[in-house]
Amino acid sequence: MSNIKKQLLQQIKATREESSKKKKFSGNLMDYIEMVEKDPSIVKSAHKRLHDVIESHGSYVMPDSDSRKFKIFDGEQVKIHKYFEGEFFGMENVIEKVMSFLSSAAHKGEESRQVLLLMGPVGAGKSALTEHIKKALEGEKYYALKGDPHRGEPLQLIPRSLRESVESALKVKIDGDISPVARHKLLNDYEGKYENFEVEEVTFSQRGRRGVASVPPMDANSQDVSVLIGSVDISKLDKYAEDDPRSLSLNGAFNVGNRGVVELVEVFKNEIEFLHTIITATQEKRVPSPGKSDMLHFDGVILAHCNEAEWNRFQSEHTNEAIMDRIVKISVPYCLELDQEVKIYEKMLGKSDFNAHIAPHTLKIASMFSVMSRLKDSAKCDVLTKMKIYNGEEVLEKGRVRKVDIKDLKEEARHEGMDGISTRFITKALDNALTASDKNMITPISVMESLTKMVKEQLIDESLKTKCLELLQFTIREEYLKILENEIAKAFITAYEEQAQTLFESYLDNAEAYTTHTKLKDKVTKEERKPDEGFMASIEEQIGVTGSARDGFRSDVTAYMFAKMRRGEKVCYKTYEPLKNAIESYLISSVRSMARIVTKSKTRNDDQKQQYSDMVQTLMKDYGYTPESAEEILVYASNNLWRDS
């Protein structure tokens with residue numbers, strides 16, 4: 001017997017033994033009541049159960065140390081729910097609205113009698129979010145009447161005349177009545193003695209159709225309300241009368257999803273008549289029974305999702321007002337944060353079987369394209385600047401951080417994020433680039449080519465196609481060339497971080513002396529000297545700080561740095577964004593000519609060969625390139641950078 005076979009048999013045996021040790025509840029209504037008396041939280045509504053299960057994973061308020069709190073959320077108290085963490089990115093506001101809905105519904109507010117509708121563009125994450133919410137219930141146990149296909153709450157057996165006293169004694173609320181099937185069993189199998197009715201412990205399972213149901217959109221010709229409420233089993237009509245509960249097949253979505261979740265997929269693709277069941281399922285908590293039986297009690301969370309075009313068409317019909325009034329709509333836009341968009345593709349690729357090298361900046365370039373395609377034009381800034389502001393980046397202009405309020409930008413484009421390139425489009429482009437690669441790698445260059453090809457072939461909207469091609473061929477290409485030029489130049493600088501820090505300390509000493517009108521003491525000779533105006537100016541001119549603007553810039557730098565020091569915080573060349581950019585530009589400009597010559601040279605002398613080799617090694621060691629991807633981006637650089645040099 002092979003080792004794998006032995007291990008598998010051992011695991012099977014261990015799993016069965018563990019399962020046999022877990023004793024499931026078995027008893028009648030009185031045994032169940034005894035258990036509820038000890039723990040009243042066993043009895044809860046579907047909304048409260050779902051809310052509690054998600055909250056049980058924990059939550060926390062976004063800490064002050066997270067730069068997004070102030071740059072993206074303006075310092076607001078953003079609650080992060082751990083159940084969604086690592087699965088959804090840039091969706092904090094959407095998730096908080098969902099949890100707010102469930103919290104209100106859990107307290108039996110008006111939301112407990114409403115449909116939760118997620119509305120947004122294709123590929124924005126509506127289906128994935130819904131699926132994740134449903135998944136929260138998987139494996140959770142609850143108690144139901146044995147033999148009841150509706151799996152009703154056992155306390156519904158208590159007669160109306162006794163409910164008030166039982167509710168008071170158990171500190172619970174009993175809603176609804178048992179199903180016709182359960183009533184038939186009570187009267188015939190238990191002779192009306194409800195205290196003897198057996199109760200069983202069950203678990204939620206979408207695959208097992210217990211407490212979790214999904215309703216896909218249906219063709220108008222084959223649309224049948226039995227999908228929602230079940231049907232009369234024709235094969236049993238020769239044994240039972242049409243009004244006999246035993247002839248009922250309670251396998252509709254509202255039967256299966258009772259006490260759990262019912263998902264309505266692309267809800268408004270269905271004919272409106274098909275959705276009328278929602279009206280009573282929400283407000284009255286009752287759904288029609290198939291055949292001639294009375295209506296059934298329904299306690300479940302109704303989750304629906306749709307795209308914007310269908311929502312607009314639906315709400316334009318005034319005859320749909322009854323359903324409209326029973327809907328809480330939450331917009332689910334595309335992600336507009338660059339860094340969060342990158343995480344989406346990292347997650348998607350992580351779940352695929354692709355095992356290829358992804359060169360630095362590849363996913364960033366793809367994400368830049370998707371995010372910018374979703375942004376609206378603004379008079380306050382160009383689309384590239386807007387993307388950077390939405391990402392929490394500081395945009396510099398002549399040595400100062402450009403003051404563009406993120407709130408103002410979002411206020412002037414409230415509909416932003418509801419159209420543009422979808423995540424699925426980008427994922428397909430990444431897949432195509434990976435499939436086409438004969439070196440088992442993708443780079444920003446191959447992804448830009450893949451995106452350009454897909455835009456030309458697949459986009460139907462001509463205005464969007466034109467916008468996307470302009471982004472790829474100009475805006476994104478130029479931005480990548482800047483990134484590439486800086487990275488190649490940095491690769492030429494030995495001990496880059498140390499040199500940058502040395503420049504920072506020297507500049508700070510000179511700027512402090514200049515601002516306070518004092519002299520500097522040479523660390524070696526101990527001689528006093530004036531601040532080095534030429535040195536400071538050479539740093540400052542890198543970011544456009546010239547003339548009279550220098551005094552203000554130097555004052556800003558020293559005030560900012562020493563305020564940090566007084567608070568006990570460490571400072572380095574990265575601490576103040578404008579100065580960081582100036583120092584990096586200074587360092588890069590010092591080797592740019594050398595980088596250009598060595599990169600463009602078709603024949604290199606021994607020194608240039610060594611410099612080129614060292615640069616490739618740095619790109620691999622410090623930036624994460626492979627020899628193949630480094631070679632590809634360097635060839636691209638030689639063909640596209642410094643063309644006029």
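How many bridges join S1 to S6, and in which direction do the two strands run relative to each other? In this predicted model, three bridges join the pair, and the strands run antiparallel.

**View 1. An open sheet is built from strands S1, S6 and S5.** The three strands follow one another in the order S1-S6-S5, and their pairing is antiparallel. Strand S1 (26–28) and S5 are the edge strands, each of them pairing on one side only, and the twist from one strand to the next averages 35°. Where S1 meets S6, Ser 26 stands opposite Glu 200 in S6.

**View 2. Helix H2 lies across the sheet strands S1, S5 and S6.** This helix, which comprises residues 29–38, runs at about 105° to S1.

**View 3. A salt bridge joins the side chains of Glu 198 and Lys 146.** The N to O distance in this pair is 3.8 Å. Glu 198 belongs to strand S6 (residues 198–203), whereas Lys 146 is found in the loop between strand S5 (141–145) and helix H7 (160–170), and the pair thereby links distant parts of the chain, 52 residues apart. Glu 198 is partly exposed, with a relative accessibility of 35%, and Lys 146 is likewise partly exposed, at 41%.

**View 4. Glu 310 and Lys 269 form a salt bridge.** The closest N and O atoms of the two residues are 2.6 Å apart. Because Glu 310 lies in helix H12 (residues 308–316) and Lys 269 in the loop between strand S10 (261–264) and helix H11 (277–283), the pair ties together parts that are 41 residues apart in sequence. Glu 310 is buried, with a relative accessible area of 8%, whereas Lys 269 counts as partly exposed at 40%.

**View 5. Lys 380 and Glu 412 meet through their side chains in a salt bridge.** Here the N to O distance is 3.2 Å. Lys 380 lies in the loop between helix H15 (362–374) and helix H16 (383–390), and Glu 412 in the loop between helix H17 (406–411) and helix H18 (423–436), so the pair ties together parts that are 32 residues apart in sequence. Lys 380 is partly exposed, with a relative accessible area of 37%, and Glu 412 also counts as partly exposed, at 40% relative accessibility.

**View 6. Salt bridges link Glu 533, Glu 540, Arg 550 and Arg 554 in a network.** The structure as a whole holds 40 salt bridges, and the pair of Glu 310 and Lys 269 shown in View 4 is one such salt bridge.

Technical notes: Residues are numbered from 1 along each chain as its sequence is written. This is a predicted model: local features need pLDDT of at least 70, side-chain atom pairs count only at pLDDT 80 or more; totals for chains, interfaces and linings use all residues. Side-chain values use heavy atoms; hydrogens and water are left out. Helices (H or I, at least four residues) and strands (E, at least two) are DSSP runs, numbered from the N terminus. Buried means under 20% relative accessible area, exposed over 50%, partly exposed in between (1.4 Å probe, protein chains only). Two strands pair if DSSP finds at least two bridges between them. Axes are lines fitted to C-alpha atoms, for helices over the stretch in contact, and angles run from 0 to 180 degrees between N-to-C directions. Contact means heavy atoms within 4.5 Å.
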